[in-house]
Amino acid sequence: MASATVLRSSGGVYDVELEDGTMAEAVLRGRVRLAHRTGDRVVAGDVVEVTRHPDLSFTIEAVVPRRSQLARLAPGSRGRKAKVIVANVDRVVLVFATTRPEPKARLLDRFLVLSEANELPALVVLNKIDLVSDDVASAFLAPYDAAGYETLRTCALSGQGVDALGAALCSARSVVTGPSGVGKSSLLNAVQPGLGLRVAAISEAVLKGQHTTVTAQLIPLACGGYVADTPGLRELGLWGVDPEALPVCFPEFRPYLGQCRFRRSCTHTHEPGCAVRDAVENGDITVGRYESYKTLREEAVNSPR
Ligand code: GDP
Ligand code: ZN
């Protein structure tokens, strides 16, 4: 048996990368196949044990326990098994533009909650810094710097920040996402020629309505590391986070949790003596981030159980 990494799946066939870097196609067998049918799906990023048969075909015999995953619950299925999008990722890279399109901080907060809920570190990339003043860029990033997130300013045209982005991507497995038009393809192409095109081709297939066959895929980088493309992630609304689990998904709230008058039962929305709301009033938590918390809490409370 040999170890391999699943890069993508299509119609029951898995493209796997063997340890020596060669590619093979494999199908599921035995218990793995059964587990897959009952919901323990094999996804991009999974490390699997494969057997090579005399006819040179490969079968996947076992899945190595995941060290991390990016998952969500299907809408309305809270409490049921999480839908795993990609396995064994190290980081989520969230790309926004300074302008064209205008950056939506509340959307960024939504992605950050997804990262936190999966206990994955996030890197916030603000691209197109050539189009605004430093002050404008800083104002957008300040709440994220303050919350302890790694942030990066880039310009895909001039190459500013591209080395730093490349260093981050080449050393790990990253899920890269963000609204369309912010410059993701341009940035990926700047890191590795042609990379953005490969990712765009997948996204296009999704736009054409081939949702069922196009799942996440892992693209190996020449410099080491992988970029995971996760079609459909951008369109997701609810992440299936329980309202009770939400406050801790805002890192800057953490010092105040447990400090409220009503302790654990405080929802940080209206209660007297709320340490989180006090921190907002004192300027230690930004109003925008707190607004995101309230919006996402509202959604979580109202989503079907
Ligand atoms: P994607 O949809 O996120 O992959 O975005 P693209 O990479 O396709 O870029 C969208 C548009 O923004 C293209 O016209 C790019 O040339 C432009 N663009 C990308 N990065 C930058 C940048 O840093 N500065 C400026 N001014 N334009 C950029
Ligand atoms: Zn509170």
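Phe96 and Phe111 are both buried in this predicted model, where buried denotes a relative accessible area under 20%, exposed one over 50% and partly exposed anything in between, calculated with a 1.4 Å probe and with protein chains only. The rings of Phe96 and Phe111 form an edge-to-face pair, with 6.4 Å from centre to centre and 65° between the planes. Aromatic pairs are taken here as rings of Phe, Tyr and Trp (for Trp, the six-membered ring) whose centres lie within 6.5 Å, and they are classed as stacked when the planes are under 30 degrees apart, as edge-to-face when over 60 and as tilted otherwise. Because Phe96 belongs to strand 8 (residues 91-97) and Phe111 to helix 2 (residues 105-117), the pair ties together parts that are 15 residues apart in sequence. Helices (H or I, at least four residues) and strands (E, at least two) are DSSP runs numbered from the N terminus.

By the same ring criterion, the count comes to six aromatic pairs. Phe140 and Tyr144 make a tilted pair, since their ring centres are 5.9 Å apart and their planes stand at 40°. Both residues lie in helix 3 (residues 134-146), where a spacing of four residues corresponds to about one turn of the helix. Phe140 is buried at a relative accessible area of 15%, and Tyr144 is likewise counted as buried, at 1%. In addition, Phe250, Phe253, Tyr290 and Tyr293 form one aromatic cluster.

As to the cysteines, one disulfide is counted, the criterion being a pair of cysteine sulfur atoms within 2.5 Å. This disulfide joins Cys170 to Cys223, with an S to S distance of 1.9 Å, and the link is left-handed, with -75° about the S-S bond. Cys170 lies in helix 4 (residues 162-170), whereas Cys223 lies in the loop between strand 12 (217-220) and strand 13 (226-229), so that the pair ties together parts 53 residues apart in sequence. Cys223 is partly exposed, at 40% relative accessibility. Cys266, by contrast, is buried at 7%, and Cys274 is buried at 2%.

Ligand 1 is surrounded by 15 residues, the closest being Asp130, Gly181, Lys184, Ser185 and Ser186; a residue belongs to these surroundings if one of its heavy atoms lies within 4 Å of the ligand. The shell divides into six nonpolar, six polar and three charged residues, and its largest share, three residues, is contributed by helix 5 (residues 184-191). A nitrogen atom of ligand 1 is placed 3.1 Å from an N or O atom in the side chain of Asn127. Two oxygen-to-backbone distances are also found: 3.0 Å between a ligand oxygen and a polar backbone atom of Gly183, and 2.8 Å between a ligand oxygen and a backbone N or O atom of Lys184. Of the 580 Å² of accessible area that ligand 1 has on its own, the protein covers 70%, as computed by the Shrake-Rupley method with a 1.4 Å probe.

Val287, in helix 8 (residues 287-302), is exposed, with a relative accessible area of 52%. Val287 and Pro143 are separated by 144 residues in sequence, with their C-alpha atoms 9.6 Å apart in space.

Residues are numbered from 1 along each chain as its sequence is written, while chains are lettered from A and ligands numbered from 1 in the order in which they are written. For this predicted model, local features need pLDDT of at least 70 and side-chain atom pairs count only at pLDDT 80 or more, whereas totals for chains, interfaces and linings use all residues, and side-chain values use heavy atoms, with hydrogens and water left out.

Definitions and conventions
A polar contact is a pair of N or O atoms within 3.5 Å; within protein, one must be able to donate a hydrogen and the other to accept it, and residues adjacent in sequence count only if both atoms are side-chain atoms. Ala, Val, Leu, Ile, Met, Phe, Trp, Tyr, Cys and Pro count as nonpolar, Asp, Glu, Lys and Arg as charged, and the others, Gly among them, as polar.
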